[in-house]
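Reader: Hello! Could we walk through one helix and a few charged pairs together?
Author: Gladly; here is the model to look at.

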Amino acid sequence: MRWLDRLLRRPALPDGVVLEPEEHVVAVADVADGGQVVATSRGLWLPDAGRLPWHLISKATWEGGALRVTPAREVETVEGAVLIADERPHRLRLATPGRVPEAVHKRVTGSIRSRHHRDLPGGGAWFVQRSVAGRDGVILQVRPDPGTDADVVRQVARAVAQRLRA
C-alpha cells in the first residue's frame, strides 16, 4: 500500500494509524520531537495517544509553532446528556505544520453546533451541542467548571436534555 501512497503523492501514515473505511486524511505534520500528527475526517491522531475524535477535543490552539490540544473524556451519561471532563493537554511543537493547525481549528469548531455557559452553585457549566463525525444528529455535552456542585450539574443536564428532546 505504501507504493500506492508514493505513486499518488499521499503521505505515508505513521505506524499505528489505521483508518476506518470512510475515514480520510486531511493533513499531516511532523512533530519536532519525532512522530507525526495526522488530522483525518474523524479525528486527530497524536503520537503515543492514538486518535482523539473531534467531538472529544475541548480546546485546540496554535501558538509559537506549537499545537496544544485539550482532550475530554466522557464521565457519565444523564438522560442523553454526556458529562465530560478535560484531561491533561498535549503540547506538540510541529516541525512542519503544513495545513494541520488550520484543519484542527476547522474540525473542532465545525463540530460545535451551539454552546452556552450557565452559572451554577459553586461555578458553572458549558452546555455544548456537537456533531460526531460519521454519525447523524448531535449530542449534548456538559463540561462543569471546577468546584461546581456535581448533583446540580446532573439535575440541570437532565432538564436540558429533556427539553432538547421535546
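Reader: Which residues of helix 3 are buried?
Author: A word on the basis: this is a predicted model, in which local features need pLDDT of at least 70, side-chain atom pairs count only at pLDDT 80 or more, and totals for chains, interfaces and linings use all residues. Residues are numbered from 1 along each chain as its sequence is written, and side-chain values use heavy atoms, with hydrogens and water left out. Helices (H or I, at least four residues) and strands (E, at least two) are DSSP runs numbered from the N terminus; buried means under 20% relative accessible area, exposed over 50%, and partly exposed in between (1.4 Å probe, protein chains only). By that cut-off, the buried residues of helix 3 are Val 152, Val 153, Val 156, Ala 157, Val 160 and Ala 161.

Reader: How many degrees around the axis do the buried residues of helix 3 cover?
Author: The buried set includes Val 152 and Ala 161. The arc is taken from the directions from the helix axis to the C-beta atoms. The buried residues lie on the same side of helix 3 because their arc is only 160 degrees.

Reader: Which residues are exposed on the other side of helix 3?
Author: The buried residues pack against strand 6, strand 7, strand 9, strand 10 and strand 11, where contact means heavy atoms within 4.5 Å. On the other side, the exposed residues are Asp 151, Gln 155 and Arg 165.

Reader: Which residue meets Asp 151 in a salt bridge?
Author: A salt bridge is a side-chain nitrogen of Lys or Arg within 4 Å of a carboxyl oxygen of Asp or Glu. The N to O distance here is 3.0 Å, and the two residues, three apart in helix 3, are separated by about one helical turn. The partner of Asp 151 is Arg 154.

Reader: What is the distance between the closest N and O atoms of Arg 73 and Glu 87?
Author: Arg 73 lies in strand 6 and Glu 87 in the loop between strand 7 and strand 8, so their salt bridge ties together parts that are 14 residues apart in sequence. Arg 73 is partly exposed at 41% relative accessible area, and Glu 87 is partly exposed at 36%. Their closest N and O atoms are 3.9 Å apart.

Reader: How many residues apart in sequence are the parts tied together by Arg 143 and Asp 86?
Author: The side chains of this pair meet in a salt bridge at 3.7 Å, N to O. Arg 143 lies in strand 11 and Asp 86 in strand 7, so the parts tied together are apart in sequence by 57 residues.
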